[in-house]
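Please open the model in your viewer and keep the selection panel at hand. The tour below proceeds stop by stop, naming what to select and what is to be found there.

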Amino acid sequence: MSALAHVLVQRNLPISGSDVRQSSITQKLQALGAQIFWRQDAGNLTQLLASQAEANQKSQDASPVLPQVVCSTAIHADNPEYRAAVELGCPIFHRSDVLAALIKETPCGIAVAGTHGKTTTSSLLGYVLLEGRLDPSIVVGGEVAAWNGNARVGNSPYLVAEADESDGSLVKFSPKMGVITNIELDHPDHYTTLDQVLEIFQAFVNHCQCLIVCIDCPNIRERLIPANSTKEILTYSLNEEVGADYSVRQVIYTASGTVAQVLEKGELLGEMHLNLLGEHNLSNALAAVAIARQLNLDFPTIANAMASFEGARRRFEHRGEAQGICFIDDYAHHPSEITATLASARLQVQPSQSAPAPIYKRVIAVFQPHRFSRTHTFLEEFSQAFSDADVVLVTDIYSAGEEDSGLIDGEQVTAKIAAHHSGTVCYQPELTNVTNYLCQNLCSGDLVMFLGAGNLNRIIPDVLSHFQAKAADSLDRVALP
């Protein structure tokens, strides 16, 4: 929502919105001229209409025009601001309607879809095009330092957009180029079967002029790619032997990044260095390579951009270090994402050819389950997703607006993980419990992974400050005569 607001306010449209708290994103929108209300109630619309009427009276203009209201799936029918919009007869659009319109009006709209990796792939692609001087517009789900936020307005035919499948709105997008990173069942609040998810992606495929897909995903390889299709389809894979259009060889995964040789239709393009960790991020990068090559960027330009990309916020984001303890914030909230993220973390606590001495000694996973429906549906998968962690802390479930089904809670999740884990697994229901536990039990050499899509990361500054204060105190003691 905020990314779309950024694009529209840059077009000099009168933009207003509401949020429950101030953030760096709302501050940027206000600086650009957007009006932000710090509550969600009917009075916001009343105030807007009154302001417009006053302005019209001064300019002797016509009667006020009802504002167009845009909302996301997170806004329900009982929301007071939404109810007021309905009662006033305001035109109401879903977030995806606005994004679909932006993609449609752009000569080269590129929509990045998939169950996992959308934000990293779209951010990385946007960065490559930016470094390649193609001046793209960008609308993504995470914040990126290179454009200081989650959106950028360029002056070119190119738009890179993250396309979400969580609510079925993926079917609205008709991009020139569509990317699918992988397909799994997620969002059980909306889908009950994998077949339903595949139907949504198939509709997306039908709307794309050109398709770029990862054939390492069996659901894409076996169930999505149409046989004898006349559509232009490009494939990518981490396995050179499968014959994908883009692949890699001589891959080296290290604690500081990844190195790989990149192949295009079997021919060597050159070597690529990534600051991002793990197989999943190499796959995301390969998707970006495939698209950039379709847009005629030379490989040295692509490789140089890859080497300098620092990642999106909340994707293995380094939040600080104190007393030899490293704090990482990651959005992973699906079992596959957690497995991949912890595998990347494991690279930093095990010796390798490039780093015979491990950087850290233990991986501490702090997990906040997200949504009752997801947690209940994937409980068995969650229970086996933490094998690369030495210690696992589990909080109560972050509801994300869902009603408690009574079928699952954080204590049950903890017990299930403990049944499959040889290390320490403990239940810390509230964020204050987590903070206290970490402050009392972390030690030098710990790599702490905060995992989840809820509000778990709010405690990171407090825990980090605690150990920074301890470090300062230790230095003061050493300095005493």
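**The open sheet**

In this predicted model, begin by selecting the six strands that form an open sheet of mixed pairing, in the order 15-16-20-17-18-19. The edges are held by strand 15 (317–322) and strand 19 (424–427); each has a single partner strand, so one side of each is left without a neighbour in the sheet. Direction ignored, neighbouring strands of this sheet are turned by 15 degrees against each other on average.

Next, display strand 16 (residues 325–330) together with strand 20, which pair in the parallel sense over five bridges. Within this part of the sheet, D329 stands opposite F450 of strand 20.

Now add helix 14, which packs on the sheet and touches strand 17, strand 18 and strand 19. The direction of helix 14 makes about 170 degrees with that of strand 19. Then add helix 15 (residues 431–441), lying across strand 17, strand 18, strand 19 and strand 20. Helix 15 runs at about 155 degrees to strand 18.

**T341 in helix 11**

Select T341, which is found in helix 11 (residues 335–346). Is T341 buried or exposed? T341 counts as buried, because its relative accessibility is 5% and the limit for that class is under 20%. Not counting residues up to four places away in sequence, T341 touches F316, D330, A332, M449 and L451.

**Salt bridges**

Side chains of opposite charge can pair when their charged atoms come close. The model has 21 salt bridges by the rule applied here; the stops below visit some of them.

Select R362 and D446, whose side chains meet in a salt bridge with an N to O distance of 2.8 Å. R362 belongs to strand 17 (residues 362–367) and D446 to strand 20 (residues 446–451), so the pair ties together parts that are 84 residues apart in sequence. Which degree of exposure does each partner have? R362 is partly exposed at 26% relative accessibility, whereas D446 is buried, with a relative accessible area of 1%.

Move to E402 and R371, a salt bridge in which the closest N and O atoms are 3.5 Å apart. This pair links distant parts of the chain, 31 residues apart: E402 sits in the loop between strand 18 (391–394) and helix 14 (410–419), and R371 in the loop between strand 17 and helix 12 (372–377). E402 counts as buried, with a relative accessibility of 18%. For a case with shared partners, select K28, E143 and R313, which salt bridges join into one network.

Finally, select D41 and R39, whose side chains form a salt bridge at 2.9 Å, N to O. Both ends are partly exposed: D41 has a relative accessible area of 24%, and R39 has one of 37%.

**The faces of helix 10**

Proceed to helix 10 (residues 299–308) and highlight its buried residues, F299, I302, A303, A305 and M306. Turn the view to look down the axis of helix 10: the buried residues fall within an arc of 160 degrees, so they line one face of the helix. An α-helix has 3.6 residues a turn, so residues three or four places apart point the same way. On the other side of helix 10, P300 and N304 are exposed.

What covers the buried residues of helix 10? The cover includes helix 6 (118–131), strand 13, strand 14 (267–274) and helix 9 (279–294).

**G257 in its loop**

Select G257 in the loop between strand 12 (246–253) and strand 13 (258–264). At 5% relative accessibility, G257 counts as buried. Leaving aside its neighbours within four places in sequence, G257 is in contact with I252, L274, N275, L276 and L277. Add L282 to the selection: its C-alpha atom is separated from that of G257 by 9.6 Å, and the two residues are 25 residues apart along the chain.

**The whole chain**

To close the tour, zoom out and colour the chain by its division into domain 1 (1–90), domain 2 (97–307) and domain 3 (317–472). How far apart do the C-alpha centres of domain 1 and domain 3 lie? These two centres lie 37 Å apart.

Definitions and conventions:
Residues are numbered from 1 along each chain as its sequence is written. This is a predicted model: local features need pLDDT of at least 70, side-chain atom pairs count only at pLDDT 80 or more; totals for chains, interfaces and linings use all residues. Side-chain values use heavy atoms; hydrogens and water are left out. A salt bridge is a side-chain nitrogen of Lys or Arg within 4 Å of a carboxyl oxygen of Asp or Glu. Buried means under 20% relative accessible area, exposed over 50%, partly exposed in between (1.4 Å probe, protein chains only). Helices (H or I, at least four residues) and strands (E, at least two) are DSSP runs, numbered from the N terminus. Contact means heavy atoms within 4.5 Å. Domain bounds come from an automatic or database domain assignment. Two strands pair if DSSP finds at least two bridges between them. Axes are lines fitted to C-alpha atoms, for helices over the stretch in contact, and angles run from 0 to 180 degrees between N-to-C directions. The arc is that of the directions from the helix axis to the C-beta atoms.
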